Amino acid sequence: MNLLSAENLTKSFGEKILFKNISFGINEGEKVGVIGINGTGKSTFLKVLTGIEAPDSGNISTANGLRIEYLSQHPSFEDDATVLQQIFNGNNPTIELIREYEDTLNKLSVDPENKTLQEKLLKLNQKMDSADAWSMESEAKMILTKLGISSFDAKVGTLSGGQRKRVALAGALIRPSDLLILDEPTNHIDNDTILWLEEYLNKRKGALIMITHDRYFLDRIANRIIELDSGQLYEYKGNYSDFLEAKTLREEQLKTMEDKRQSLLKKELEWIRSGVKARGTKQKARIDRFERLKEQAVNIFSDKMEISVGTSRLGKKIIEIDNISKSFGDKCYIKNFSYTLLREDRIGMIGPNGSGKSTLLNIIAGVLKPDSGKVEIGETVKIGYYTQENKEMDENLRVIEYIREEAEYITTGDGSKISASQMLERFLFPPYLQWTPISKLSGGEKRRLYLLRILMSSPNVLLLDEPTNDLDIQTLEILEEYLDEFLGPVVTVSHDRYFLDKIAEKIFAFEGEGMIKSYPGNYEDYQNKIKNKIIEEKNNPPVKEKRDTRIKSNETKLKFSYKEKQEYENIEGWIEEVENELKEIENQINNTQSDYVLLQELVDKQRALETRLEELMERWEYLNELAEKINAGK
């Protein structure tokens, strides 16, 4: 079933044409990834599809009653609303019911003796039961928890920018929709959360359109890719890997067409220069064909940015981190951490949001001082620090002025010089765009410009804090190539697994309570080590050792510990008891009509019992697997 069709859409901003006469459609169940260089109009394209912005020309038609849910890069928020109120702000009847229930519950918490509110809540409870709204509220809390938001009553205005974006994402996921449209959903969430989001979107039945630079994310979710390039839209069946193959083939075909056109142009130009006068009809037709050939230029401009920037020499001493610790308030982010940075280090830092990754980079860069310990930097070190913010970017400057502030020229690896203007062209800022005020650039174009300025400073040590946020895939590919040739150490914080797999040779994992553990290899190697560790711990739970002076056999037989044996013998009875308690609670809830206090107690007890039952079932499954292995080993 076709959900949405767009025909001949055109959209411009000033003199810049974002897209011209493009057509697009999406069917039920399709999952579409939108890619393209920053500034090509990807976000604007989504806004046009949702109706937030109107096209200059063209038409959009939708299926009757189509429900669209849209996550913007810059969502709007009500600062005084609680997290749950922000999520349940749609106009769906079930959403409105949950919103009314939550509002009444909050009022009753302030005035618990209010009979009118108690009666209203009781009626709302019955409506929630009829509409099966409890499951939606429960799912909302589950999604928020998975996204790292556990305080459901917190005011949105008190949250950090990253937390607010995750609340907006949770809202988009929970509100019922036939077509879900997401603009950069993986920004501001950590690696484990991205894995969960992948699973959630793969299980979701509705259609999906998303902009993302996360190539693994595209590979594992998308079944169709559309690319915006030079105002045109190109479609590819399959995931990101399929897109790469198909695009390579398309570009080869375009190059063949352009080579043929150039060859014909050359022949026709020689004919014209030979002095043949256009007196006859045939000669005039040939000249007209020459003019048409000139106008039929095929755009085969490569979106690759070749960078081979020279760096100053590094001495023996680079950066030595000696037993540093850092806390903010009662929370310890870094505890007794030491490391000596080596010339060829490629380090990726991972961990939950707020675990201290950016704090460590700031300490290395000298932006923050540790509470204890010290950081010593060698005399020859020149740090290039790419932060999450566009540091000191004067948006009144023009693009080329901003780059020239850092350097007029840059020396390449082979000793030649490249001007600021030439470097801008390599970074996909053509001459006409170089004199544009920075304020008129898209967010992604500003990040690309900021990255170029860092590299124009010719650093010999690079610190990168979330470099993949807001950068397009083409820029990331070239950054990866640049880092591969870079002669100094690189330390990066990133949630982009593809990026970490390509550049990291060592992982610093922030594992809580200020502990930072080093793992050799890239992100995939790290994941495999963690998975193997979990499997090993599950299969071989720690058992209290007993001293035994007898001669031991070479192999120790697998067996239950005393505690496990007791659990195995009794757990089915415990499960039955909890199930019976749940049935009794459900009966009491159904028979409770007007006692609000009792009703609330029963609901809370029901949820606690459901959690307990889930834990027992997981433990039962583990004990039975262990019993099978013990019996097999006898």
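**Cores, pocket and salt bridges in the predicted model**

Leu173 makes contact with Ile143, Leu180, Trp196, Leu197, Tyr200 and Leu201, leaving aside residues up to four places away in sequence. The structure described here is a predicted model, and Leu173 is a convenient place to start reading it. Leu173 is among the residues with the most contacts inside the largest nonpolar core, together with Phe88, Leu144, Leu182 and Leu201. That core comprises 52 residues. Its main contributor is helix α6, spanning residues 161-174, which gives seven residues. A second core, separate from this one, has 44 residues, including Tyr402, Leu479, Ala504 and Tyr526. As a general point, nonpolar side chains tend to be buried together in soluble globular proteins.

Leu201 gives another view of the largest core. This residue sits in helix α7, which covers residues 191-203. Because its relative accessibility is 1%, Leu201 counts as buried. Its partners, again not counting residues up to four places away in sequence, are Lys31, Leu173, Leu180, Leu182, Leu208, Phe217 and Ile221. Leu180 therefore appears in the contact lists of both Leu173 and Leu201. The C-alpha atoms of Leu201 and Leu173 are 8.9 Å apart in space, while the two residues are separated by 28 residues in sequence.

Attention can now turn to the pockets. The largest pocket holds about 1400 Å³ of space. Its lining is made up of 45 residues, and Leu441, Ser442, Gly443, Gly444 and Glu445 are those nearest the centre. Five elements give two or more residues each to this lining: β2 (16-27), α1 (42-50), α6, α14 (431-434) and α15 (443-456). Helix α6 thus contributes to the lining of the largest pocket as well as to the largest nonpolar core. Sorted by class, the lining has 21 polar, 14 charged and 10 nonpolar residues.

Charged side chains also pair with one another elsewhere in the model. In general, side chains of opposite charge can pair when their charged atoms come close. Over the whole structure, 25 salt bridges are found. One of them joins the side chains of Glu53 and Lys11, with an N to O distance of 3.9 Å. This pair connects distant parts of the chain, as Glu53 belongs to the loop between α1 and β4 (57-62) and Lys11 to strand β1 (residues 2-13), 42 residues apart. Lys11 counts as buried because its relative accessibility is 9%, whereas Glu53, at 21%, counts as partly exposed.

Another salt bridge is formed by Glu69 and Arg175, whose closest N and O atoms lie 3.0 Å apart. Here too, distant parts of the chain are linked: Glu69 is in strand β5 (residues 68-71) and Arg175 is in the loop between α6 and β6 (179-183), with their positions 106 residues apart in sequence. Both Glu69 and Arg175 are buried.

Glu408 and Arg404 make a further salt bridge, and their closest N and O atoms are 3.6 Å apart. Glu408 has a relative accessible area of 43% and so is partly exposed. Arg404 also counts as partly exposed, because its relative accessibility is 35%. Finally, a network of salt bridges links Glu198, Asp214, Arg220 and Arg497.

How values were computed
Residues numbered from 1 in each chain as written. Predicted model: local features only at pLDDT ≥ 70, side-chain atom pairs only at ≥ 80, totals over all residues. Heavy atoms only, no water. Core = buried A, V, L, I, M, F, W, Y, C linked by side-chain atoms within 4.5 Å. Buried < 20%, exposed > 50% of the residue type's maximum accessible area, 1.4 Å probe, protein only. Helix = DSSP H or I, 4+ residues; strand = E, 2+ residues; numbered from the N terminus. Contact = heavy atoms within 4.5 Å. 1 Å grid on protein atoms, 1.4 Å probe; cavity = no way out; pocket = protein on both sides within 12 Å on 5 of 7 lines; lining within 4 Å. Points joined across faces, edges and corners; volume = space filled by probe spheres on them. Nonpolar A, V, L, I, M, F, W, Y, C, P; charged D, E, K, R; others polar. Salt bridge = Lys/Arg side-chain N within 4 Å of Asp/Glu carboxyl O.
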